[in-house]
Amino acid sequence: MDLNYKQAKENFLALNLNECKMFFADNGYLLELAYCELIQDNLQHAKELFEKIKYQDIRAHWGLFLVSMIERCAKTYPTYFELRNFLEIDMNILIKYGKGQYVQNILVYMDFMNKINPEVYKFLGRVLYNNGLKKEGTYLFSLAKDSFYQDPELHYLIACSYLENGDKQMALHYAKTCQEVLPDYCPAVNLEKMLQSVA
């Protein structure tokens with residue numbers, strides 16, 4: 001089957017690694033190939049590929065930091081925007097591919113990363129929660145609330161987690177708290193209306 005880039009990327013995200021890896025290798029997509037190597041535990045080769053393009057591609061610079069966290073030897077700093085743009089996406093990929101040890105190794109650095117970008121606990125909480133790790137995700141939401149209370153989306157996420165657990169009273173509380181932080185935050189307004197209509 002002949003692939004194009006879009007199909008190869010979709011295959012990667014759909015956990016179909018073999019065909020897309022060959023496509024990336026044959027067509028010189030070094031960044032994507034590095035991610036394939038990372039998923040297949042070829043961390044040294046992944047680092048070599050990221051290193052080749054780290055000055056041309058910010059994602060490769062991030063990739064080097066990602067591997068260093070996985071290897072538990074991070075010595076450099078990610079940027080605020082790297083954390084905002086790539087952390088949650090890559091954690092989701094690692095979870096989908098069953099890389100639990102990689103995920104645990106990255107979580108060791110969450111306090112460090114949160115000092116660079118105060119949304120990190122929220123990003124990590126959201127990706128864990130959405131992948132069925134509800135208890136861990138909820139715990140990270142509580143850390144996020146303590147470190148970056150003024151984030152309206154965070155309060156909305158907490159409200160949704162309470163609602164999912166059947167606690168409508170706390171869900172309503174956090175929907176209102178969200179609107180105290182940012183009045184007329186549409187998802188929270190709609191959630192409050194829905195909760196009050198079934199009260």
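# A tour of the predicted model

Start by selecting Cys160, which lies in helix H11. The model in the viewer is a predicted one. Cys160 has a relative accessible area of 25%, so it is partly exposed. Now add Ala175 to the selection: the two residues are 15 apart in sequence, and their C-alpha atoms are 8.5 Å apart in space.

**The whole chain**

Zoom out and colour by secondary structure. The protein chain has 13 helices and zero strands. Read from the N terminus, the order of elements is α-α-α-α-α-α-α-α-α-α-α-α-α. Along the principal axes, the C-alpha atoms fill a box of roughly 60 × 40 × 30 Å.

Switch to a surface view. The accessible surface of the protein chain is about 10,700 Å², and 53% of this belongs to carbon and sulfur atoms. Of the 199 residues in the protein chain, 47% count as buried. Where contacts join residues at least 6 apart in sequence, 50% of them link residues at least 24 apart. Colouring by charge will pick out 21 positive and 25 negative side chains in the protein chain, with the centres of the two sets 3 Å apart.

**Helix H9**

Next select residues 120-130, which make up helix H9. How many of the residues of H9 are buried? The count is 10 of the 11, so the helix is largely enclosed by the rest of the structure. Val120, Tyr121, Lys122, Phe123, Leu124, Gly125, Arg126, Val127, Leu128 and Tyr129 are the buried residues. Two of the names to click on here are Lys122 and Arg126, both in the buried set.

What do the buried residues of H9 pack against? Show the following helices to see their partners:

- helix H6 (80-96)
- helix H7 (100-107)
- helix H8 (110-116)
- helix H10 (134-147)
- helix H11 (152-164)

Step just past the end of H9 to Gly132, where phi is positive, at about 90°.

**Arg59 in helix H5**

Move to Arg59, in helix H5 (residues 58-70). Is Arg59 buried or exposed? Its relative accessible area is 18%, and the cut-off for buried is under 20%, so Arg59 counts as buried. Show its contacts, leaving aside neighbours within four places in sequence: they are Leu31, Tyr35, Phe86, Ile89 and Asp90.

**Aromatic rings**

Keep Phe86 from that list and add Trp62, Phe65, Tyr77 and Phe112. These five residues, Phe86 included, form one aromatic cluster.

Show the side chains of Phe, Tyr and Trp across the model. Counting rings whose centres lie within 6.5 Å, there are 15 aromatic pairs. One of them is Tyr5 with Tyr29, a tilted pair at 4.8 Å centre to centre with 40° between the planes. Tyr5 lies in helix H1 (residues 5-13), whereas Tyr29 is in the loop between helix H2 (17-26) and helix H3 (30-39), so this pair ties together parts that are 24 residues apart in sequence. Both rings belong to partly exposed residues: Tyr5 has 29% relative accessibility and Tyr29 has 30%.

For another geometry, select Tyr80 and Phe81. Their ring centres are 5.1 Å apart and the planes meet at 80°, so the pair is edge-to-face. Tyr80 is partly exposed at 33% relative accessibility, while Phe81, at 52%, counts as exposed.

One more ring is worth selecting, that of Tyr102. The charged end of Lys99 sits over this ring, 5.5 Å from its centre.

**Loops**

Select Asp41, in the loop between H3 and helix H4 (43-53). Its phi is near 70°, a positive value in a residue other than glycine. Asp41 is partly exposed, with a relative accessible area of 45%.

Then go to Arg72, in the loop between H5 and H6. Here too phi is positive in a residue other than glycine, near 60°. Arg72 has 47% relative accessibility and counts as partly exposed.

Finish at Gln150, in the loop between H10 and H11. Gln150 is exposed, with a relative accessible area of 54%. Draw a distance from its C-alpha to that of Leu38: the two are 36 Å apart in space and 112 residues apart in sequence.

How values were computed
Residues numbered from 1 in each chain as written. Heavy atoms only, no water. Phe/Tyr/Trp six-rings, centres within 6.5 Å; stacked < 30°, edge-to-face > 60°. Helix = DSSP H or I, 4+ residues; strand = E, 2+ residues; numbered from the N terminus. Buried < 20%, exposed > 50% of the residue type's maximum accessible area, 1.4 Å probe, protein only. Lys NZ or Arg CZ within 6 Å of the ring centre and 35° of its normal. Contact = heavy atoms within 4.5 Å. Areas by Shrake-Rupley, 256 points an atom, 1.4 Å probe, with all protein chains shown as cover. Lys, Arg positive; Asp, Glu negative; His and termini not counted. Charge placed at Lys NZ, Arg CZ, Asp CG, Glu CD.
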